[in-house]
Amino acid sequence: MNSEHVIESLSELIDGRLAEDRRAAVEAHLSACPSCASELDDLKAVAASLKALPRAPLPVGFMQRLERRRLAGEAPKKDYVFLPFPARVAAFALSSFIVGFVVFENFRAKKPSTEVERYMAAQGDMAASGIVSKLDAPAAAPPAAEEKDAAPLRARAAKSMAFGSLSGKTGAVAAVRGNASGRYDGDALPIAGRSFGGAPIGEKAPEPPKYTNEQLQAGLEKEKRELGMRVMSLDEVHSQKRAEAEAQFLEDSGIATVAGAGGGAGVMMGPAAKGAAIEGSTPDLGYASKRKTRPAIAVPAPFQGAVAADEASARAAWRDAGLPGSPPAFDGEKSMLIIVPGAVIDARESAGQIVVRYRPGEAPAAKRWALIPRSPLPVAFEPKL
Amino acid sequence: MDEREFLDANAQLAYNLALRLTGNASDAEDLAQDALLRALKALPSFRGDSSVSTWLYRIVTNTWKNRVRSEKRRGLWKMIPLSFFTGEDEDEPREFKADDAPLDAGLETEQTGEMVQKALLELDEESRAIVVLRDIEDRSYEEIASTLDLPIGTVKSRLSRARQALKERLRKKVSS
């Protein structure tokens, strides 16, 4: 029976390591058990075959190569050195902690702690992209209830940037930034921020809400009412920004400021700028009272338009344009005289040049010219039929 | 004993053990030379607590085990026992039968040495080292325990299991 087999003791029996009484018991079993006796024979055969393995002589040149290495002071080949087990565990734990800490810091929701921070968060933590601002922004922190509502509104306002721009009279530049965790606030639309995205640790990522265009539009209108915002078209924004920039340029140049020139070129076009209140150092040329009586002046055929930055060239251009009298006086350091073969409509900077649009044909002398800020850019004349 | 004398006296011993452990002459020379150079370096601190041969065996086996460990970590699979691929548990003794052909009959052939060496290489490192030290180098249990830094009881049990495993492998080779 297997339970009586003495296989475990056979190895020691071969080596003569069994105590006397144990050896006697094992030998007694072997005499009665052919299986164990056979096993003993096999084990002896194995041991004998191992002992019989020939002792291989040293390879030729072994000692010379060893001696060479010894004399050269060559160090034994270095095995890869690994930290002992406890040190490996410690190193792993430390690196895991560092990685975990960094990840946690980046993913966790950063809740505003102070009243000011909460207010800033409610305001969208405005940054600097110049797109969104609020009309009639409250001077003090909003009540808690309003603050609670602000987050989804903020997120939606960010989303609305895709449709256009929100502009306020303050002109403040601002952008809505998502909270750092990428967590969605309430039913807020998913916003693209600088966050890593995803749900807070331990929470399942929410399904992005689905809205129809009508819902989006209605929501946007509601927000506009609530936030006192109005949506401007991109054209409006561009023209307003351009007008502001040009007005600023004119103001800086000390020539003139065209007030209320939104959408226009913002360029002082002599007395021809109808309805524009002209301020600053524009010379009073006395045309205004005579404007209605001025006769149209024919344009000489070869005249295609001229630009003059000094008095001499202005006179020459004036003559070439077939205009009577002398050109207006202007400061060549700050402005240029442009004369068109027709009536000046406007002038604007576009694609690296100043484009002067005009209505071709005869026109009163006052409409034939304009003063524009001095610029190194080339001037192109563009007839508008 | 100067260094040269030490090398002359022990090179054969180191090489033979290395050859049985590694299974090929090239690796054996590399291992034996490294172990001998290590031994030379440590010779001044050798206190004579054990015989020089036991001490050298210990250096050879430790150098070998470190090397095997490094190779395994570097993805060299040559030391992985065949059982890893065949799915057999090498430590589980086969149910033996009295009518099995005696093993010694098969081991009397010409290829015995090669077959035994191959079977030896299929054992795990520790089993191989114990069997080599006991049955080839004829070391006592105490010397093996000292060489491999193991308790005597562990040496006994592992030697028994290693011999059983070797027997099974040889039986398969003989029968095939």
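Which side chain meets that of Glu29(B) in a salt bridge? The partner is Arg65(A), and the N to O distance is 2.4 Å. Please keep in mind while reading that this is a predicted model.

## A link between the chains

Let's look at that pair first. It crosses from one chain to another: Glu29(B) sits in helix α2 of chain B, which covers residues 25–42, while Arg65(A) belongs to helix α4 of chain A, made of residues 62–71.

How covered are the two partners? Glu29(B) has a relative accessible area of 13%, and because buried means under 20%, this residue counts as buried. Arg65(A), with 29% relative accessibility, is classed as partly exposed.

## Salt bridges within chain B

The pair above has plenty of company, for the whole structure holds 31 salt bridges over all chains. One of them joins the side chains of Lys65(B) and Glu126(B), with 3.9 Å from N to O. Lys65(B) is part of helix α3 (residues 52–73) of chain B and Glu126(B) is part of helix α7 (residues 125–136) of chain B, so this salt bridge ties together parts that lie 61 residues apart in sequence. Lys65(B) is buried at 18% relative accessibility, whereas Glu126(B), at 22%, is partly exposed.

Another salt bridge connects Asp138(B) with Arg134(B), whose closest N and O atoms are 3.8 Å apart. Here Arg134(B) is the buried partner, with a relative accessible area of 11%, and Asp138(B) is partly exposed at 48%. Both residues also take part in a network of salt bridges, where they are linked with Asp15(A), Lys51(A), Asp135(B) and Arg163(B).

## Chain B as a whole

Now step back to see the chain that holds many of these residues. What kinds of elements are there in chain B? The chain has nine helices and zero strands, so from the N terminus on you will meet one α element after another.

Chain B has 176 residues, and buried residues make up 51% of them. Its accessible surface comes to about 8,200 Å², with 49% of that area belonging to carbon and sulfur atoms. Contacts tell a further part of the story: among those in chain B between residues at least 6 apart in sequence, 70% join residues at least 24 apart.

## A sheet in chain A

Strands do appear in chain A, where three of them form an open sheet in the order β6-β7-β11, with antiparallel pairing. Which strands form the edges? They are β6 (306–308) and β11 (369–373) of chain A, each of which pairs on one side only. From one strand to the next, the twist averages 25 degrees.

To follow the pairing in detail, start with β6(A). This strand pairs with β7 of chain A (residues 335–339) in the antiparallel sense, over three bridges. In β7(A), Ile339(A) is the bridge partner of Ala306(A).

Finally, look for the helix that accompanies this sheet. Helix α10 of chain A, spanning residues 311–320, lies across β6, β7 and β11 of chain A. The helix runs at about 15 degrees to β7(A).

Note on methods. Residues are numbered from 1 along each chain as its sequence is written. Chains are lettered from A and ligands numbered from 1 in the order in which they are written. This is a predicted model: local features need pLDDT of at least 70, side-chain atom pairs count only at pLDDT 80 or more; totals for chains, interfaces and linings use all residues. Side-chain values use heavy atoms; hydrogens and water are left out. Two strands pair if DSSP finds at least two bridges between them. Helices (H or I, at least four residues) and strands (E, at least two) are DSSP runs, numbered from the N terminus. Axes are lines fitted to C-alpha atoms, for helices over the stretch in contact, and angles run from 0 to 180 degrees between N-to-C directions. Contact means heavy atoms within 4.5 Å. A salt bridge is a side-chain nitrogen of Lys or Arg within 4 Å of a carboxyl oxygen of Asp or Glu. Buried means under 20% relative accessible area, exposed over 50%, partly exposed in between (1.4 Å probe, protein chains only). Accessible areas come from the Shrake-Rupley method with a 1.4 Å probe; for residues, only the protein chains shown count as cover.
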